[in-house]
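I opened this one to see how its parts fit together. My notes follow in the order I looked things up.

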Amino acid sequence: MTSKKDLSERDICTQYIIPAIHSAGWDIEKQVREEVYFTDGRIFVKGNKTARGERKRADIILYYKANIPIAVIEAKDSKHAIGAGMQQALNYAEILDIPVAFSSNGDGFLEHDRSGQSKTIERNLSLESFPSPDEIWEKYKKYKGIESKEQENIASFDYFFDGSGRKPRYYQQIAINRTIEAIAKKRNRILIVMATGTGKTYVAFQIIYRLWKSGTKKRILFLADRNILINQAKRGDFKHFKDRMTVIRKKKIDKAYEIYLALYQGLTNYDEDKDAYREFSRDFFDLIIVDECHRGSAAEDSAWREILEYFSSATQIGLTATPKETKEISNIDYFGKPIYTYTLKQGIEDGFLAPYKVIRIGINVDLDGWRPEKGKTDETGNEIEDRIYNTKDYDKNLVIDERTKVVAKKISEFLKKTNLFDKTIVFCIDIEHAERMRQALSNENPEEVKKNYKYVMRITGDEEEGKRELDNFINPEETYPVIATTSKLMTTGVDAQTCKLIVLDSNINSMTEFKQIIGRGTRINEEYGKSFFTIMDFRNVTNLFADRAFDGDPVMIKEIKGDKELTEEDIHPEENEDIIDPETGDAVDFGNDSYDNSPDGPGIISGGSIISEPQGKVYVAGVDVSILNERVQHLDGNGKLIIESLIDFTKNGILKEFRSLDEFLTRWNKAEKKKTLIDELESNGIIIENLKEEVKKDLDIFDLICHIAWDMPALTRRERAEQVRKRNYFVKYGEKARIILNALLDKYATEGIENIEDMTVLKVDPFNTFGTPAEIIGHFGGKENYMKALKELEMEIYRAA
């Protein structure tokens, strides 16, 4: 019989923990879930490939009812103490908003009560004394402040299930449950803050469904400010309301429905005697949900505010990714502090939102300004006012024709090097600018436009044909339009799942607007090859990354100055070095199972909004517009932009890690695998991959570090390999072993030391032509001798140092 000490963690769960839970009265089918993955694993970007990091997983979660988790259990094998899993259990309990955490090794349980109900926070329990569902439910109610039977009935009412297997993600579940519980306790103003692309509409649907079905709320109004938001809701999650739902159009009111979707513009005429919403009695609605509430409802004098105040007796919920807080406008002042916040940074870390790269383009007239020479005239022959113009002027009151062409050329260059059919949104100053950009992009892509004129389209509020194409742009199955030019129309609420390039050629100073624009690219659709996106910035808008109010840093920032063509290095960083998953501390595997974002997607959109066109723009041509030198900027280990040069930053980091060259040489030579030392440096924010791109020399990592930190002479990998061959070091080995060592040396010369340290190298070309890994090792007399020969090869490679 197998000893308990020999059982795995999974065996302990199956043979001891689950039976103990079942004996306590838990329904194993309905109330117990094992190995619950609650994140998707962060997406890591390396060149044009992506790979998923480690997913967070709880061993066991206990539920009172579906989607109402009340306890989490972390299991260990019996070689560990009973409480060995408690810290991890508490971490998950905090993330998942669960009041009770358990740790077990199969001998018993350690319970930690976060609810405040127990006199002692932690207690040991035998396997036979595990708490019943009702016992832990009482702690949940204490934790949530649920006091009456009425509150309990509302808070525990069932979720909607359509049989498709769709379940809320953990953060959606928290937002829904906290909102229902708050309303059960008679709270009437609620703010939910969730990053763009995290499913606010689904959250709204589940809140409405549970309150409506329980009879807590009988007539509900869902308010938005754009038709696309209403249409997406109606066709998507809200379709399950069927004939109980209506959309208010053209201010026509029918009081026979229970669920109403409406634009605030469809309810008001800005005339107290004609406002359509006044056809309803003040107490007609008992629940109002305001989507994208940052856009208007926060302002005291806005039309939204009038509607909300008219129906002031209703419970009102604001949904936004970016609550607006200024001296004049406040979401928090109206709705109260957010009941739950799920940020862009959290979404990226959990793998639910796409990470992104940033390419900054510096144009001479932007960086230095432009002053017209004496007598310079515009296109109408009028002399241009003599002053220095800059990005605040361009395309707002001064149009430089060549600048527009340069921007269009850079966008097109990028797409030609990545994928001509990657969906792209170009944010412009206004409608007129969006139209000129559409023309310039069409001229840069004549072949594609000949095939289909919808390759580039202006999608703006004033133009019906463009607006009609918005649905096609956001539909992953539709190829066209590819490029959309816009100003405000597409900044918010547009569910562009496959948008891979966002171009900023507009002056954006508002953090709220900036976050909304970034949100156009954060949705993931791996089926269509969308797992990260790129921001191309022509106006230094991405300086807002440094603002404390921003919470989701890019994976790479590259500045390009100068009249130079975009290169592969500009678009993708060096791909040879490892990226470390902070969840595991291990290198992320970018092997054959990782996704290669090869050309296969749809295209680019240009759009603008309904705004009054600026008068008196000056149009000028014949200006020397060019790109200046190239500079790369990166992020440090904390995700902050490195202000000093990357070389200086790296040198300072290395000198903190190693007190002297001798200490570095000692640790390098003692390291069983050089890759381990490289990983250690990268975990401290010293990314060798970025440094190699900056230095632009094919140096060995060893030489790169010694040269940067201690100004030692540097050799390339190929030079080191040739030195080894000149010493005729291989002569002591047999013929086949020499061939293998020569191949390893060639591999080192082309790819680096870390690529020959892993045994998997023996499975790839050219080693697979020499036989199986076992046969190759056999030529050295076994694995131990092979590893010894590999170590000697490494010593020979670095012997010259």
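**Aromatic rings.** Before starting, I fixed the term: rings of Phe, Tyr and Trp, the last by its six-membered ring, pair if their centres lie within 6.5 Å. The model is a predicted one. With that cut-off I found a cluster in which ring pairs link Tyr257, Tyr260, Tyr277, Phe280, Phe284, Phe285, Tyr310 and Phe311. Searching the whole structure gave me 43 aromatic pairs. I looked up Phe102 and Phe109: their ring centres are 6.2 Å apart and their planes stand at 80 degrees, so I logged the pair as edge-to-face. Phe102 is buried at a relative accessible area of 0%, and Phe109 is buried with a value of 0%.

Then I went back to the cluster. The rings of Tyr260 and Phe284 have centres 5.9 Å apart and planes at 75 degrees, so this pair is edge-to-face. Tyr260 sits in strand 12 and Phe284 in the loop between strand 12 and strand 13, so the pair ties together parts 24 residues apart in sequence. I noted Tyr260 as buried, at 1% relative accessible area, and Phe284 as buried, at 7%.

**Charges over rings.** What lies over the face of Phe284? I found Arg219 there, 4.0 Å from the ring centre. I also noted Lys213 over the face of Trp212, at 5.5 Å from the ring centre.

**The sheet.** Strand 12 led me to an open sheet of seven strands, paired in parallel and ordered 11-12-10-13-14-9-15. Strand 11 (245-248) and strand 15 (340-342) are at the edges with a single partner strand each, so one side of each has no neighbour in the sheet. On average, neighbouring strands here are turned by 15 degrees against each other, direction ignored. I checked one pairing: strand 13 (residues 287-290) joins strand 14 (residues 315-320) in the parallel sense over four bridges. Ile289 has Ile317 in strand 14 as its bridge partner. Helix 8 (residues 227-235) lies across strand 10 (220-224), strand 11 and strand 12 (259-263), and runs at about 155 degrees to strand 12.

**Val407.** Is this residue, Val407, buried or exposed? I got a relative accessible area of 0%, so Val407 is buried. Val407 belongs to helix 13 (residues 401-418). Beyond its neighbours within four places in sequence, I listed contacts of Val407 with Ile363, Met437, Asp505 and Phe538.

**Whole protein.** I counted 28 helices and 27 strands. Of the 801 residues, 56% count as buried.

How values were computed. Residues numbered from 1 in each chain as written. Predicted model: local features only at pLDDT ≥ 70, side-chain atom pairs only at ≥ 80, totals over all residues. Heavy atoms only, no water. Helix = DSSP H or I, 4+ residues; strand = E, 2+ residues; numbered from the N terminus. Buried < 20%, exposed > 50% of the residue type's maximum accessible area, 1.4 Å probe, protein only. Contact = heavy atoms within 4.5 Å. Pairing = 2+ DSSP bridges. Axes fitted to C-alpha atoms, helices over the stretch in contact; angles between N-to-C directions. Phe/Tyr/Trp six-rings, centres within 6.5 Å; stacked < 30°, edge-to-face > 60°. Lys NZ or Arg CZ within 6 Å of the ring centre and 35° of its normal.
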